[in-house]
Amino acid sequence: MSTTNTATTTAVSVQNVRKFYQRDQIQIKVLDGINLEVPQGEFVALMGPSGSGKTTLLNLIAGIDRVTSGRVVVAGTDLGPLSEGELAKWRSRNIGFIFQFYNLIPVLNAVENVELPLLLTSLSGRERRDRAMTALRIVGLEDRAKHYPRQLSGGQEQRVAIARAVVTDPTVLVADEPTGDLDHQSAEEILTLMETFNQEFHKTILMVTHDPRAATRAHIQHHLDKGVLSD
Amino acid sequence: MKFAPLIFKHLRKNWIRTLSTVLALSVCILLFCTLQTVVEAVNFGLHAGNASRLVTRHYVSLVFNLPLNYKQRIEAIPGVKETVMNWWFGGIYRDPKNFFANMATEPQAFLDLYPEIMLPPDQKEKWLHDRRGAIIGRKLAQRFGWKVGDTFELESSIPPYRVGHPFDFVVDGIYDTDEAKYPATDLNSMYFDYKYLYEATGRNLGIGWLTEKIDDPQHAGAISRTIDGEFENSDTPTKTETEQAFMAGFIAMAGNLTLLLNGIGLAVAFTILLVTANTMSIAVRERQQEIGVLKTLGFSSGLILALILSEALIIGVVGGVIGILITVGILKILPQLPMIGDILNGYPNFGLSPQTTATGVGIALLLGLAAGFFPAITGYRARITETLRQV
């Protein structure tokens with residue numbers, strides 16, 4: 001795994017990134033020369049209209065998609081040279097991903113869902129379960145550990161998803177419209193929880209959102225439009 | 001092992017689908033093992049023949065007898081050490097469904113030529129001097145609960161041997177064999193003195209077939225040709241062949257039967273493969289988004305592939321084991337059924353062999369793997385961004 005030493009205070013460094021998609025004979029430009037620096041421990045909101053490239057940028061930072069050109073360095077690692085296997089391993093250690101639709105595994109209960117990323121570690125079964133329960137306790141769902149996703153409300157599901165995202169103690173949390181499918185109250189609870197992780201656990205958070213109220217909870221707001229970033 | 005709960009929970013999620021797939025595989029293995037057991041039993045009979053024994057019968061068919069003087073003429077041929085005359089009696093015990101092979105023979109010559117037929121000395125002595133006496137195989141004795149000294153009646157189904165009343169017999173001996181040395185010996189047959197038949201039919205009897213003991217198996221071809229040459233231009237030409245070839249002639253359909261049964265087995269296995277593969281594909285297609293999530297969390301493509309293949313393998317193993325267990329049960333029941341049981345009891349080694357069991361489990365594993373292969377490859381290749389976009 002190649003590592004590039006960037007400034008220790010920079011969690012995410014996006015340098016002149018372009019991303020094109022090929023659809024049949026047509027090349028679609030999604031990101032066009034993006035430069036972004038996110039300091040360690042920041043809470044950053046990425047805003048913009050649909051199709052502006054927010055999710056694509058988030059995916060590139062999370063290491064689940066590849067740049068067409070440019071460079072992405074996250075948690076001190078240049079993602080470009082990594083193989084698919086190395087990227088998967090890197091994601092499991094450095095990235096916590098929060099989805100808009102929670103994406104919990106329906107056949108697993110809450111604690112098993114939270115435990116899922118820990119299966120990739122060398123922890124014992126007992127240690128995994130203890131850590132998963134701790135994460136659930138932090139998000140306030142310890143008493144729902146044995147509940148299946150279908151038995152939880154949307155807000156509770158998202159809190160389980162957040163517990164799953166933080167259980168491996170990742171460097172960066174990326175959240176794609178984390179409140180997009182929630183009512184106002186649940187959305188507020190989720191944003192408060194994310195603030196807690198940012199302020200108390202010093203997690204660097206990148207959040208894509210359409211919601212201006214959600215964006216105000218972040219320290220820094222960036223706007224994307226037609227693949228171009230503007231502050 | 002830490003991924004086992006994830007695998008089993010997925011299998012349990014749609015348990016009806018999982019169960020039906022397992023049962024489909026079980027049926028496939030049941031059919032394969034049952035058919036293979038029949039094929040093995042049929043083929044096993046071919047190995048019962050002794051290379052140092054030849055069989056001479058009427059050139060056209062076993063239905064036609066040979067003249068009695070052929071015995072002396074054949075015994076005079078160089079290389080022939082001893083002969084024994086045999087007749088297929090075709091006797092029926094109470095009901096045709098009680099079928100078993102019963103033959104008239106020359107007791108002393110028969111015991112000389114067939115060392116695999118083992119009788120206690122006192123029983124042997126008794127049989128050699130008892131015109132109504134019969135010896136029966138251990139399995140036949142067990143089947144009808146017969147003991148030495150018991151009497152029973154047989155009525156022949158062959159017109160020349162129907163004399164207006166049944167033949168009554170006394171069990172003089174119950175023969176056994178050294179199964180390690182002579183594994184294919186038929187313990188379901190009965191033999192009696194031909195003189196009983198000879199006298200009952202008014203001394204009007206030809207020879208059903210002759211078995212010759214020869215000095216050297218290497219000379220079997222030459223001796224066979226000499227015997228047949230001796231009678232080539234007579235009214236009753238002969239056909240002489242090794243005992244193995246003679247038995248193969250008895251079950252002349254064996255080759256085609258094997259082909260047919262194997263063909264059926266293959267067709268069933270292929271159909272089940274398609275059904276299982278389709279089921280696995282649907283199961284994995286339904287989980288594309290989940291696969292995307294797992295990959296996002298850091299599960300490598302190889303691990304996803306292994307998880308899907310493990311599910312398929314578990315279905316294969318469980319299906320295989322259930323299939324084998326059902327086969328064991330069926331093979332215990334089949335010999336007790338009327339008609340089918342009578343035929344199967346004629347095969348001394350009818351039963352599920354370790355080789356067939358191992359092959360059955362192997363096929364189940366292979367079917368599971370094959371069925372899971374393409375869904376696993378689909379999961380392996382799934383791109384996170386595309387699978388998550390399907391949300």
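In chain B of this predicted model, B:G137 sits opposite B:Y175 of strand β7(B). That pair is a good place to start.

B:G137 belongs to strand β5 of chain B, residues 133–137. This strand is mostly covered, with five of its five residues buried. B:G133, B:I135 and B:G137 point one way from β5(B), while B:A134 and B:I136 point the other way. Both sets are buried. Strands of a sheet pair through backbone hydrogen bonds, in a parallel or an antiparallel sense. Both senses occur around β5(B). With β7(B), residues 167–175, the pairing is parallel and covers five bridges. With β8(B), residues 190–193, the pairing is antiparallel and has three bridges. On that side B:I135 faces B:Y191.

Next come the nonpolar cores. The largest one has 109 residues. Inside this core, A:L46, A:I61, A:V174 and A:L206 have the most contacts. Helix α2 of chain B, residues 15–46, gives the most to the core, with 10 residues. Apart from it lies another core, of 45 residues. Its members include B:F110, B:I136, B:A141 and B:I223. B:I136 is thus a link back to β5(B).

What does A:I61 touch, leaving out residues up to four places away in sequence? Its contacts are A:V12, A:V14, A:V72, A:V74, A:V174 and A:L206. Of these, A:V174 and A:L206 were named above among the core residues with the most contacts.

A:V14 leads into the sheet of chain A. Its bridge partner in β2(A) is A:L36. Strands β1(A), residues 10–23, and β2(A), residues 26–39, are antiparallel and share 11 bridges. A:R18 stands opposite A:D32 in β2(A). The two strands form a hairpin with two residues between them. In the turn, A:D24 has a positive phi of about 55 degrees.

The wider sheet is open and has four strands, in the order β2-β1-β4-β5 of chain A, with antiparallel pairing. Its edge strands are β2 and β5 (77–78) of chain A, and each pairs on one side only. Helix α1 of chain A, residues 54–62, packs on this sheet. The helix touches β1, β2 and β4 (69–74) of chain A. Its direction makes about 120 degrees with that of β1(A).

Now take a helix pair. Two packed helices are described by the angle between their axes and the distance between the axes. Helix α5(A), residues 154–166, and helix α6(A), residues 184–199, pack at about 15 degrees. Their axes are 9 Å apart. Angles under 35 degrees count as roughly parallel, so α5(A) is roughly parallel to α6(A). Their crossing is right-handed. From α5(A), A:G154, A:G155, A:Q158, A:R159, A:I162 and A:V166 take part in the contact. They meet A:S186, A:E189, A:I190, A:L193 and A:F197 of α6(A).

Two loop residues of chain A close the tour. A:N103 has a phi near 50 degrees, a positive value in a residue other than glycine. A:N103 is in the loop between β6 (95–98) and α3 (110–115) of chain A. A:K226 also has a positive phi, near 50 degrees, and is likewise not a glycine. A:K226 lies in the loop between β9 (220–225) and β10 (228–230) of chain A.

Which of them is buried, and which partly exposed? A:N103 is buried, because 23 other C-beta atoms lie within 10 Å. A:K226 counts as partly exposed, because 13 C-beta neighbours lie inside 10 Å. The cut-off for buried is 20 or more.

Notes
Residues are numbered from 1 along each chain as its sequence is written. Chains are lettered from A and ligands numbered from 1 in the order in which they are written. This is a predicted model: local features need pLDDT of at least 70, side-chain atom pairs count only at pLDDT 80 or more; totals for chains, interfaces and linings use all residues. A residue is buried if 20 or more other C-beta atoms lie within 10 Å of its own, exposed if 12 or fewer, and partly exposed in between; C-beta atoms are placed from the backbone. Two strands pair if DSSP finds at least two bridges between them. A nonpolar core is a set of buried Ala, Val, Leu, Ile, Met, Phe, Trp, Tyr and Cys residues joined through C-beta atoms within 7 Å. Two residues are in contact if their C-beta atoms, placed from the backbone, lie within 7 Å. Axes are lines fitted to C-alpha atoms, for helices over the stretch in contact, and angles run from 0 to 180 degrees between N-to-C directions. Angles under 35 degrees count as roughly parallel, over 145 as roughly antiparallel, 65 to 115 as roughly perpendicular and the rest as oblique. A crossing is left-handed if the near helix is turned anticlockwise from the far one by less than a right angle, and right-handed if clockwise.
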